[in-house]
Amino acid sequence: MGVNQNNSTQLNPSIFDDLKPKEFNVLISNEMARKRNLKPGDELKIILNNHKQVTPVGNIPRQKTFKIAGLYETGESNFDNVFILMDYEDAKSFSLLENPNYLQVNLNDFWSAQDLREDLETKFN
């Protein structure tokens, strides 16, 4: 989720200090970090399957590695289990959309995919 710091009122504004344009930092929830054994300073590769890049070897999904700058907690598990926060301008430039609508996470731990899938199905079904 792209964050426009000037319009965000749900979280303590200081949490966004490390989300600056062109730095490609992200915030993940405490719960997401715990489930996936991640911490600030770790790298997280995000892949967009709906935006293919044409290369000499064929079309590949657009991907970028982000640095986990910090953790957040809203107390709303439906939000905390699903959303990764990044600077809005970074989200726009990465997704090539005027208004980004979703991002896909590439997990380091294959076995955590089912938990994430269940969390997303609960949230969006």
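These are my notes on aromatic rings and a helix start in a predicted model.

**Ring pairs.** I went looking for aromatic pairs and ended up with four. One of them is Phe-24 with Phe-66, an edge-to-face pair with centres 5.7 Å apart and planes at 65 degrees. I then checked where the two rings come from. Phe-24 belongs to the loop between strand S1 (2-3) and strand S2 (25-29), while Phe-66 is part of strand S4 (residues 58-72), so this pair ties together parts 42 residues apart in sequence. I looked up burial too: both Phe-24 and Phe-66 are buried.

**Another pair.** Tyr-72 and Phe-79 also meet edge-to-face, at 5.8 Å centre to centre and 70 degrees between the planes. Are these two rings' residues buried or exposed? Tyr-72 has 1% relative accessibility, so I put it down as buried. Phe-79 comes out at 16%, and because the cut-off for buried is under 20%, Phe-79 is buried as well.

**Around Phe-24.** Which residues does the ring cluster hold? I found Phe-24, Phe-66 and Phe-94 linked by ring pairs. Phe-24 has a charge for company too: the charged end of Lys-64 sits over its ring, 4.4 Å from the centre.

**Helix H3.** Phe-94 took me to helix H3 (residues 88-95), where Phe-94 is buried along with Asp-90, Ala-91, Lys-92 and Ser-95. I finished at the start of H3, where Asp-87 puts a side-chain oxygen within 2.9 Å of the backbone nitrogen of Glu-89.

How values were computed: Residues numbered from 1 in each chain as written. Predicted model: local features only at pLDDT ≥ 70, side-chain atom pairs only at ≥ 80, totals over all residues. Heavy atoms only, no water. Phe/Tyr/Trp six-rings, centres within 6.5 Å; stacked < 30°, edge-to-face > 60°. Helix = DSSP H or I, 4+ residues; strand = E, 2+ residues; numbered from the N terminus. Buried < 20%, exposed > 50% of the residue type's maximum accessible area, 1.4 Å probe, protein only. Lys NZ or Arg CZ within 6 Å of the ring centre and 35° of its normal. Polar contact = N/O pair within 3.5 Å; in protein donor to acceptor, adjacent residues only side chain to side chain.
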